[in-house]
Amino acid sequence: MGPHDLESSSFLEHLFARKILMVTGKGGVGKTWVASSLALEASRMGKKVCLLECSSRSQVAPLFGLPSKNHQRLAFSDHLDVMNLDTELNLRDFLVNQLGLEKVFEKVFDNKIVKSFLQFIPGLPDLVLLGRFYHEIVLNKKDNYDLVVFDGFSSGHFFHLMTIPQVIADAQVTGPILEVTNKVTRFLYDPENAGIVSVAAPEPLIVSECLEFCDRITDAKAIPLAAVLLNRVPWSYFESANQKSLSENPSAVELYLARKAEQALRSIETIQSHFAKGRTDSLLLGIAPDLGAVEEPVELDMARTYYGALRRLL
Amino acid sequence: MIPDNACDSLEQLLHKKKVILVLGAGGVGKTTTSLALSFKAASMGLRVGLLSIDPAKRLATALGMPLSGELKVLELQGLQYSGTIAAAMLDQSAVFMSMIDRYAPSAKIASKIKDHPFSQVTAGNVGGALEYMAVAKLAQMVEAGIYDLIVIDTPPDLHALDFLERPNILSRFFDNNVLGWLLRPFAIARKLGLDRFMSAGEKMLGKIASVTGFKALELMADFLIMVKEVLEGFRTAGSKVSQILKSADACFAIVCSPRVSAERAAEDLVDKLGELSYRVELLVVNRMLPFDVRAELSEATDLRCQGAKYLRERYQYEAQVEAKLLAHLNRNELVEVYVPEQPEDLLNAKALDCLAQTMVASSAVEQQKFATEREEP
């Protein structure tokens, strides 16, 4: 074990103490990689993991060399299942599993009218998504997952999730939906259960948006923020012979790498000083390396290298 | 071979088109590209209207973009453009309110609609609402008749295309006559009293009520009855926009970056647009490795440091991704722009002006360079 392995394993241990992790971040920062590699590492540590996404085109399946199937639970290993949720089918599952409305909807769900109507109910689509996480962790006794990881949408969308209880209240919804809303949100707002992992990359706009997001999430006091991960930090940061000075006639590649390293340092400083004042102890800050290209299917060792290099910012 | 109305260069495109819709996955640089296109057009003397969906706060502030949703002419520090850019962020709620004002049958009803709890909710949360509001805003901008070019930055999800397929708000409702179906019983129910109506065996509504509760269902129906004309207004706006977008006055720009998810999204967009007979006439590939770095990496035989090795892997992978995307496109009708990562933060007018100039240069010259690079095995 190298000197930094302890840092990485304690980061992961703390993270995996929760039951649901939702990975978010601006487009292009590496959400899918982070969510997938977290799920993979957790499964290797012996946890039973469910990795979820909700996209028109699966981003996760190709990483694992799995076929892109809609709304089907695919087993990558005996400890890791992967599923791309379909919005409509997820809604049907929700009505049947959580609201116990099987008899009611069995025959009519496919009815276009009912479908259209249900999709118009404010807040329902997002509630249904949160309900799925709750279902997999609490209600799914068959698969008995220890951890659910969600390769989430971009940060902007998360705020809609925060407004669900208010939306449902404003629409004067009562009955089963209201009860489930309360149950699910109570569960997810508990830091022992759920946490958001906000991923950023070393660019000023990306970092500033990430930090803004973190502040808003913290202020909302809804789903807790578990970790901030600065991804794509140049490899030179992690090498022991860290800050090499430029050679006499630096090549374009050298200059480029040096510039990137400089940018990364500034990003790290920005993040550190942002959280220096009064941050909750439980918030994890980490930085992780740029490994060039994530091919499909990914080489499993890549996750090892990635988390092996991960550093905590204290 | 090249169709008469195709454009040879970015400048030509900006002159010819009245509307450019900018599409692409999240994080590829849509907002920046939309800005750069607007800057270039303004530098050419055009009056530009720019609608941005969700620009970073820092950027918006730096450019003096209003946070209110009303189009405001930007003061471009340090630039002497003969044209102008009027920019706004999409304010969904404001657009919805303006549509209510315009299409509700009376001021009284407009007021009732706005006060209804579902109004706030509809503007924000109904599936696809964002796209419909953007369409309505675009229709308003076209109607204003004061812009030579309108540039629309779109939301990253693919849903951006839903409204193009069926330019009606809550289109499913119109398609299946749900509105009619729903409103009729409620109109009756109002006369009879809701519980009497339900107990008379209204099954469908009863089922939905078992999910939402009666009150919410009533509220929803009340709302739908009131907004009927407003929904028609959205439908009108949608049709108008759809017509414009199909004409030679408009085009779609796809923004991509050399990563797999962006490329896949771009392919899906191209396919979808093709199905609907819309034209993709501009491709912008952002965030490429700088040209000199690429040149070195392609020749390098001995890269000693691990960082450089990872960089080369990235370069090779990116080349594959680009090749895949280009194979998917009809390049005869396309203006291609390749933009390397910018060394400066693109947070002020001068930097965006630089970017705009880079884009123009690249579309003419680099196109050829990359074409040759890619042919090598």
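## A turn after helix 15 of chain B

Helix 15 of chain B is followed by B:Ser277, which has a positive phi, near 60°. Helices here are DSSP runs of H or I with at least four residues, strands are runs of E with at least two, and both are numbered from the N terminus. This is a predicted model, so to speak: local features need pLDDT of at least 70, side-chain atom pairs count only at pLDDT 80 or more, and totals for chains, interfaces and linings use all residues. Residues are numbered from 1 along each chain as its sequence is written, chains are lettered from A and ligands numbered from 1 in the order in which they are written, and side-chain values use heavy atoms, leaving out hydrogens and water.

How far apart are the end C-alpha atoms of helix 15? They are 23 Å apart, which agrees with the 22 Å that its 16 residues (260–275) should span at 1.5 Å a residue; the expected span is 1.5 Å times one less than the number of residues. The buried residues of this helix include B:Glu263, B:Arg264, B:Glu267 and B:Asp268, along with B:Val260 and B:Leu273. Buried means under 20% relative accessible area, exposed means over 50%, and partly exposed is in between (1.4 Å probe, protein chains only).

## Chain B as a whole

Chain B has 19 helices and eight strands. Of its 377 residues, 55% count as buried. About 15800 Å² of chain B is exposed, with carbon and sulfur atoms supplying 51% of that; the areas come from the Shrake-Rupley method with a 1.4 Å probe, and for residues only the protein chains shown count as cover.

Look at the contacts (heavy atoms within 4.5 Å): among those in chain B with a separation of 6 or more, 77% link residues 24 or more positions apart. For an exposed spot, try B:Leu67, at 57% relative accessibility. B:Leu67 is in the loop between helix 3 (57–63) and strand 3 (72–73) of chain B.

## Helix 2 of chain A and its neighbours

Over in chain A, helix 2 (residues 31–44) has 14 residues that should span 20 Å at 1.5 Å a residue, and its end C-alpha atoms are indeed 20 Å apart. This helix is mostly covered, with 13 of its 14 residues buried. Just after helix 2, A:Gly46 takes a positive phi of about 100°.

A:Ser37 sits in helix 2 and is buried, with a relative accessible area of 1%. Which side chain does the side chain of A:Ser37 meet in a polar contact? That partner is A:Tyr307, at 2.8 Å. A polar contact is a pair of N or O atoms within 3.5 Å; within protein, one must be able to donate a hydrogen and the other to accept it, and residues adjacent in sequence count only if both atoms are side-chain atoms. Leaving aside residues up to four places away in sequence, A:Ser37 touches A:Ala303, A:Tyr306 and A:Tyr307.

A:Met302 belongs to helix 12 (residues 301–309) of chain A and is buried at 14% relative accessible area. With the same sequence neighbours left out, that is, those up to four places away, A:Met302 touches A:Trp33, A:Leu291, A:Ala293 and A:Val294.

## Cores and cysteines

A nonpolar core is a set of buried Ala, Val, Leu, Ile, Met, Phe, Trp, Tyr and Cys residues joined through side-chain atoms within 4.5 Å. The largest one holds 217 residues, and A:Leu15, B:Leu10 and B:Phe39 touch the most other members. Apart from it lies another core of 11 residues, including A:Tyr256 and B:Ala308.

There are zero disulfides (cysteine sulfur pairs within 2.5 Å) over all chains. A:Cys50 is in none, and the nearest cysteine sulfur, that of A:Cys54, is 13 Å away.
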